Amino acid sequence: MADQNPAVPEPKSGSDASSRIGEVSEWLAKTFEAAGKPVPEFEYTPRSVSHLHGLLTVSKAKDEAARLVARDFRQKASEYRSQAARIREILENVGLAQESLPSNVVASAQVLANVANLLNIRDTELTMGDISLRKTGVEEKRAKVQKESKVLLDYTRKAIARLTYLKRTLAQLEDELPPCEVQMENWKTNLQVMAAKERQYIQQCANYKAVLNHAGYTPEISHRVLVEMAEHKKELEKKTKPILETLRSYQDLPPDKALAALAIEDKKRQYADAEKYLEDVLQSALANSG
């Protein structure tokens, strides 16, 4: 306890500190002696002495307040006893002593006293108007409480109905859960199959594209262009068929090198003309499709 608390003011002189220590020691001795316990040992430092002196001051103030309240209560009790003795004497003089009254009258008086305590009626000077006002206030409070209770009861009924509906909905959902799980499993299986098919179709599409690229296919070649090319091919076949028949007829002739060379040159020229014509037709078809 060597540290100092800066918030506690230190004594200004040694005599002041000594007087405080004496007051604190005396107060501790009386307090613990009243409790039947010895004073515990501790070190008297400025901080502990200041704290204990503050407690001493507060304790003395509370003791003084308690003494004043107790004295007031004793005085009022004495007054109440005197008033009770005077009222008892008056009742005995008029023959209304408690011992001479019937038991039902005593019970009624006790009930009246209990009602007075319940209504916080301290004396008999309270008029019927005041009692009526208190009764009206009590009735208003009771009506308010009944109204609030009705509202709470209405909320409770709605909450119970809502809870019943939610329970019924939950039971219905639980009943519908197994079929939905089976359907979900089917959808999951179908989804896996569709994903595998998609991968297969993507691979086939890639393969077809590779085949088309290898064949020299371009987007400009449409079905109409291919049909036109097929028709031109048929026409060329019709034109080249007589030439082929003529060549076959040459096979039966005796071999003549000079004639054969002339025939070959003529067929080459006809074949080149046919190829040029086919190329012109294809170019014209592509230009018209574009």
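## A salt-bridge trio, a nonpolar core and a surface patch

Arginine 269 pairs up with aspartate 266 in a salt bridge, and their closest N and O atoms sit 2.5 Å apart. Keep in mind as you look around that this is a predicted model. Salt bridges come to six in total by the rule used here, while the count of disulfides is zero. Let's start with that arginine and then move on to the other end of the numbering.

**The trio in helix α6**

- Arginine 269 and aspartate 266 both belong to helix α6, which covers residues 257-289. They are three residues apart, or about one turn of the helix.
- Arginine 269 has a second salt bridge, this time with aspartate 273, where the closest N and O atoms are 3.7 Å apart.
- How far apart in helix α6 are arginine 269 and aspartate 273? They are four residues apart, so about one helical turn separates them.
- Put the two pairings together and you get a network of salt bridges linking Asp266, Arg269 and Asp273.
- As for how open these residues are, arginine 269 is partly exposed, with a relative accessible area of 46%. Aspartate 273 is partly exposed at 43%, and aspartate 266 is partly exposed too, at 28%.

**A salt bridge in helix α1**

- Glutamate 26 and lysine 30 also join their side chains in a salt bridge, with 3.3 Å from N to O.
- Both of these residues lie in helix α1, four residues apart, which is about one turn of the helix.
- Is lysine 30 buried or exposed? Lysine 30 counts as exposed, because its relative accessibility is 53% and the cut-off for exposed is over 50%.
- Its partner, glutamate 26, comes in at 47% relative accessibility, so glutamate 26 counts as partly exposed.

**The largest nonpolar core**

- Which residues make up the largest nonpolar core? There are five in all: Val24, Trp27, Leu28, Leu52 and Leu56.
- Two helices chip in here, since α1 and α2 each supply at least two residues of this core. The largest share, three residues, comes from α1.
- Take a closer look at leucine 28, one of the core members. Setting aside its neighbours within four places in sequence, leucine 28 is in contact with Val39, Phe42, Tyr44 and Leu52.

**A nonpolar patch on the surface**

- Some nonpolar residues show up on the outside: Ile21, Val39, Phe42 and Tyr44 form a surface patch. Together they have about 300 Å² of accessible area.
- Where is phenylalanine 42 found? Look in the loop between α1 (14-35) and α2 (46-93).
- Phenylalanine 42 counts as partly exposed, with a relative accessibility of 32%.
- Here's a neat link between two topics: Val39, Phe42 and Tyr44 belong to the patch, and they are also among the contacts of leucine 28.

**Cysteines without a disulfide**

- The structure holds zero disulfides, but you can still find cysteines in the chain, including cysteine 180 and cysteine 205.
- Cysteine 180 is partly exposed, with 39% relative accessible area.
- Cysteine 205 is partly exposed as well, and its value is 36%.

Notes
Residues are numbered from 1 along each chain as its sequence is written. This is a predicted model: local features need pLDDT of at least 70, side-chain atom pairs count only at pLDDT 80 or more; totals for chains, interfaces and linings use all residues. Side-chain values use heavy atoms; hydrogens and water are left out. A disulfide is a pair of cysteine sulfur atoms within 2.5 Å. Buried means under 20% relative accessible area, exposed over 50%, partly exposed in between (1.4 Å probe, protein chains only). Patches are made of residues with over 30% relative accessible area and no salt bridge: like charges are joined within 9 Å, nonpolar side chains (Val, Leu, Ile, Met, Phe, Trp, Tyr) within 5 Å. Accessible areas come from the Shrake-Rupley method with a 1.4 Å probe; for residues, only the protein chains shown count as cover. A salt bridge is a side-chain nitrogen of Lys or Arg within 4 Å of a carboxyl oxygen of Asp or Glu. A nonpolar core is a set of buried Ala, Val, Leu, Ile, Met, Phe, Trp, Tyr and Cys residues joined through side-chain atoms within 4.5 Å. Contact means heavy atoms within 4.5 Å.
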